[in-house]
Amino acid sequence: MNSPVFVTGCDRSGTSLLTLMLDRSSSLKMFFEVGFVPHLTSCESEYGNFSETRQRWFFIRDLQRRESTSGAVAFDKIDGVSENEAEKILREAAPVGYAGAVDALFSAAAEKEEKSRWGEKMPEYVFHVEWLASAFPGSQIVHIIRDPRDVAASIHRAGWRPSISAAASFWKERVSAARSGGRAIAEDRYHEIRYESLVGDPANELRRLAHRIDVQFESEMTSTHQSGMDAMPEAHQGLDHFSLLERPIDPSRAYAWRRELSRSEIADVESVAAPLMRELGYEVTGTSVPLWVQGARRAKAAGGALFRKTQENLRSVIP
């Protein structure tokens, strides 16, 4: 079995940037959010050891049905492998277990680009670190972490969570999950990298990471804008939240919260995330929500409660 590299982290933490960097290696092919790997294990009884045609057909069918990100299906994100090729790859790999079949497909796709290893980026894999390490014994797990104030601002701006506090909770849950999984596996297989260090000194950070995951560092890995969206799956191209990948790496992306967040927004994030921030070494400002904002929030909450109470009273008297 190959030695895949899994890149994960909370959404908006730089997983795509890091993946594009690693993908520019001459030896490592990175796939973007194929997303099925931990989930189709529930169907292993149907796949058996992939020796029979029907077993291989079940697996390929499931890849063609499994929805990935951005409206694509998993099979379409395994670049350049047709249905007939997938059948042949699995037949030649058999008898093989589920993880071996996954490895065979991704390895074959990587070989089409003359690369000897493969990897996948998937933010949701923060919840599957321990499983990935167990299923793929030679794998390396890379967890990229970004300041929660920048992450929460980006997530809230994208409309993925209703409030900055909810976005901060989203960050806390995912970073905590990945770190918990990382503590359960061998130290030399789980690697944390900070977004701020990556954009601040791309060459040195990548050189250190490449050494740890046994990938040859190449200077081209820091020039992701030269491939930009062309290296992204078709389903991801044109999406606004990936547009920065078409530009040179900008160190000012780090700690943008200092320019962009209000005092109350900073306080909202820190009220949720401060303990984990301190554990990770991020500055906690201790900012509090201004009194007038607290008052406005209480008035809004009270007004909403009064409105709901009035509605209930009216429903009780008006047929």
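Mentor: Before we look at the end of α12, note that a helix here is a DSSP run, H or I, of at least four residues, and that helices and strands are numbered from the N terminus. The model is predicted, and G281, just after α12, takes a positive phi of about 90 degrees.

Trainee: What makes the span of helix α12 worth a remark?

Mentor: Helix α12 covers residues 263-280, and a straight helix of 18 residues would span 26 Å at 1.5 Å a residue, whereas α12 spans only 22 Å between its end C-alpha atoms.

Trainee: Where does α12 bend, and by how much?

Mentor: The bend lies at A273 and amounts to about 75 degrees, with a proline, P275, following within four residues. A273 is also among the buried residues of α12, a list that includes I266, V269, V272, L276 and M277 as well as the charged-type names D268 and E270.

Trainee: How many aromatic pairs does the structure hold?

Mentor: There are 15 aromatic pairs. One of them joins F6 and Y125, whose centres are 6.2 Å apart and whose planes make 75 degrees; since the cut-offs are 6.5 Å for pairing and over 60 degrees for edge-to-face, the pair is therefore edge-to-face. In the chain the partners stand 119 residues apart, F6 in strand β1 (residues 5-8) and Y125 in the loop between β3 (117-121) and α6 (129-135).

Trainee: Why does F6 count as buried, and why is Y125 called buried?

Mentor: The relative accessibility of F6 is 1%, and the relative accessible area of Y125 is 1%; buried means under 20%, so F6 meets the criterion and so does Y125.

Trainee: How do you know what kind of aromatic pair F36 and F106 form?

Mentor: Their centres are 6.0 Å apart and their planes 15 degrees apart, and because planes under 30 degrees apart count as stacked, this pair is stacked. F36 sits in the loop between β2 (28-32) and α2 (44-47), while F106 belongs to helix α5 (residues 98-111), 70 residues apart in the chain. Both of these phenylalanines are buried, and ring pairs link them into a cluster with others, including F6, Y47, F59, W118, Y125 and F136.

Trainee: Which residues have the most contacts inside the largest nonpolar core?

Mentor: That core has 44 residues, and F36, F59, L63, I78, V102, F106 and F136 have the most contacts inside it. The elements giving two or more residues to the core are α3 (53-65), α4 (83-93), α5 and α6, and α5 gives the most, with ten residues.

Trainee: What makes R258 a charge over the ring of Y255?

Mentor: The charged end of R258 is 4.6 Å from the centre of the Y255 ring and sits over it. In the same way of describing things, R174 lies over the face of F170, at 3.6 Å from the ring centre.

Trainee: Why is β2 described as largely enclosed by the rest of the structure?

Mentor: Five of the five residues of β2 are buried, so the strand is largely enclosed. Its two faces are both covered, with L28, M30 and F32 on one side and K29 and F31 on the other.

Trainee: How do you know that β2 and β3 pair?

Mentor: Pairing needs at least two bridges, and β2 and β3 have five, in the parallel sense. L28 stands opposite R117, and the bridge partner of F32 is K121. β1 and β3 also pair in the parallel sense, over three bridges, with V5 opposite G119. As for β3, five of its five residues are buried.

Trainee: Why is R12 called partly exposed, and why is D214 called exposed?

Mentor: Buried ends at 20% and exposed starts over 50%, so R12, at 23%, counts as partly exposed, whereas D214, at 65%, is exposed. R12 lies in the loop between β1 and α1 (15-23) and has a positive phi of about 70 degrees although it is not a glycine. D214, in the loop between α10 (202-212) and α11 (257-260), has a positive phi of about 65 degrees and is not a glycine either.

Trainee: What is the peptide bond from A94 to P95, cis or trans?

Mentor: This peptide bond is cis, with omega near -5 degrees, and P95 is found in the loop between α4 and α5. Most peptide bonds are trans, and most residues other than glycine have a negative phi.

Note on methods. Residues numbered from 1 in each chain as written. Predicted model: local features only at pLDDT ≥ 70, side-chain atom pairs only at ≥ 80, totals over all residues. Heavy atoms only, no water. Buried < 20%, exposed > 50% of the residue type's maximum accessible area, 1.4 Å probe, protein only. Lys NZ or Arg CZ within 6 Å of the ring centre and 35° of its normal. Expected span 1.5 Å × (residues − 1). Bend = angle between axes of the 7 residues up to and from the residue. Core = buried A, V, L, I, M, F, W, Y, C linked by side-chain atoms within 4.5 Å.
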